[in-house]
Amino acid sequence: MIVILGGGPAGRIASIRLASAGKDVRLIEQGGVSAGIGGQCLHFGCMPVCALNDVARFLDMAKRFEGLGLTGPAPQPDFPRVLREMQGIQAKIAIILDHETRGAGVDIIYGKAGRLDGKIVWLDEERIVPDAVIVATGSRSNIPPVAGITMPGVFTPRILGQMKALPAHIVIIGGAVMAAEYAYIFSRFGSRVTVISRSTFLKSVDPALRAEAIKELSGVTILEHADLRSISGEGRVSSVTVKIGGAAQEIPCNAVFVAAGLVPRSDMISGVNKGLSGEVIVNEYMETSVPGVYAGGDVTGPPYLTPVARHQGIVAADNILGKRHAMDLPTIPQAIYLENELAYALDGSGTAKPLSIPGPAGPDTFWSVLSSRTGFAKILVEADGSISGIVSASPGGGLIAAYMAFLMKHHLSVHDFEEFIEVHPTTDGVYGLAKYASEILKKKSGS
């Protein structure tokens, strides 16, 4: 028997792969049947952001149409209703995932606190010594240790559903992708939003994309290099205190949203080597320090991305099945979902030259021309024409980045785009830039 701890992307995909190969697989999900499987992505991460971003973009566009005189007054969101409807759809998706997983032959056990000690699994008080184990217990919100952080009115993605009304002024703690996405959502829903970033906001993002993100977060106050000191209130949040440049500043608010990233959820895992943040340490085959025990997904640490977790689950399952399969991730495409999809796939080259253009008018951007909000496209090209990175701020940027990352892995050259015909109209200039870069390089070489 093979035991898998956790029903998120890594654990679920691994369980299906193993069961489909004829293995006896038991998947343990601590959440009850009502919560369902799906992990961080479905319940607290990707799907809530998608759901709320859809509404936020609609409200953004409705306001733009109103400003142009094309429609009447923009609609006002019913925030509690949005959350209820979102949760109903999440529950339906969890049921679909349950049926799909059971249909592959996986035995799912809900509501049990699975623990691991070496290679021994404890299911409540039941002791199990399986043939192999995959630890896929996921992650939890990173909660900064400041006074007042547990006060009513402080929310995280895990308890967002407890928000009874849209806050008039919400302070978002964090400076990375999660903070940016929720800042856009709350601001477009109508809240006044202040972001408190401990360092430079979106510091790990391409500078041009960071500038675009700040542009799309118009109306949001972003405080950089701000140290959160405390959260105050009489029974409920009423202000936060931050320190900026040595001076303390109190910011009145009526809600705080903690979007300071994730940390591995490994409290119930012992007997295997773990890192300083609690991440389970694995090698390229997703093996832990204990033979027969594997791990995958967020519990192994960054980058905390669903596609990476799925791939890690596949690698772990394949190695249990005797197929020597090593992790060999290409350049990982990523995106920030604001007004546009701010997507990128960069291999870190220091020699590639950038080439960029404004995003063209097209689906979902035509009415943005007058306000210069059509995004942009950028590629990074080596002297031999190979592509080292792409950056796209457009309605379809995420899809473009995914395919371009795949083609980059296979040593795509701008010259390969000479006969490429894209769908028209398109809202992205990446393909046109590749053709233009090919022309430039050929002129330089005299060919």
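This talk goes through helix 8, a few backbone oddities, the second largest pocket and one buried glutamate in a predicted model.

I will start with helix 8, which runs over residues 397–409. Does its length fit what a helix of that many residues should span, or depart from it? At 1.5 Å a residue, the 13 residues should span 18 Å. The C-alpha atoms at the two ends are 18 Å apart, so the length agrees.

Next, which residues of helix 8 are buried? They are G397, G398, I400, A401, M404, A405 and M408. Looking down the helix axis, these buried residues fall within an arc of 155 degrees, so they line one face of helix 8. On the other side, L399 and Y403 are exposed. As for what the buried residues pack against, there are three partners: strand 21, at 341–346, strand 24, at 387–394, and helix 9.

Just after helix 8 comes H411, and here the backbone takes a positive phi of about 60 degrees. Most residues other than glycine have a negative phi, and most peptide bonds are trans. Keep both halves of that in mind for the next few minutes. H411 is in the loop between helix 8 and helix 9. Its relative accessible area is 69%, so H411 counts as exposed.

There is another histidine to mention here. H225 is not a glycine, yet its phi is positive, about 50 degrees. H225 is in the loop that joins strand 12, at 221–223, to strand 13, at 226–232. Buried, exposed or partly exposed? The relative accessibility of H225 is 49%, so it is partly exposed; the cut-off for exposed is over 50%.

Now the peptide bonds. The bond from H424 to P425 is cis, with omega near 0 degrees. P425 lies in the loop between helix 8 and helix 9, the loop in which we have already met H411. The bond from P302 to P303 is cis as well, with omega near 20 degrees. P303 sits in the loop between strand 19, at 293–295, and helix 7, at 306–320.

On to the pocket. The second largest pocket has a volume of about 390 Å³. It is lined by 19 residues, and those closest to its centre are L59, D60, K63, S187 and R188. Which elements give two or more residues to this lining? Those are helix 3, at 46–67, and helix 5, at 177–189. Helix 3 gives the largest share, five residues. By class, the lining is made of seven nonpolar, six polar and six charged residues.

My last item is E339. This residue is in the loop between strand 20, at 334–337, and strand 21. Strand 21 came up earlier as one of the elements that the buried residues of helix 8 pack against. Is E339 buried or exposed? Its relative accessible area is 12%, so E339 is buried, the cut-off being under 20%.

What does E339 touch, leaving out residues up to four places away in sequence? The contacts are R57, D60, R64, Y184, E216, S368 and R373. One of them, D60, was also named among the residues closest to the centre of the second largest pocket. Finally, a distance: the C-alpha atoms of E339 and V256 are separated by 23 Å, and the two residues are 83 apart along the chain.

Note on methods. Residues numbered from 1 in each chain as written. Predicted model: local features only at pLDDT ≥ 70, side-chain atom pairs only at ≥ 80, totals over all residues. Heavy atoms only, no water. Helix = DSSP H or I, 4+ residues; strand = E, 2+ residues; numbered from the N terminus. Buried < 20%, exposed > 50% of the residue type's maximum accessible area, 1.4 Å probe, protein only. 1 Å grid on protein atoms, 1.4 Å probe; cavity = no way out; pocket = protein on both sides within 12 Å on 5 of 7 lines; lining within 4 Å. Points joined across faces, edges and corners; volume = space filled by probe spheres on them. Nonpolar A, V, L, I, M, F, W, Y, C, P; charged D, E, K, R; others polar. Expected span 1.5 Å × (residues − 1). Arc of directions from axis to C-beta. Contact = heavy atoms within 4.5 Å.
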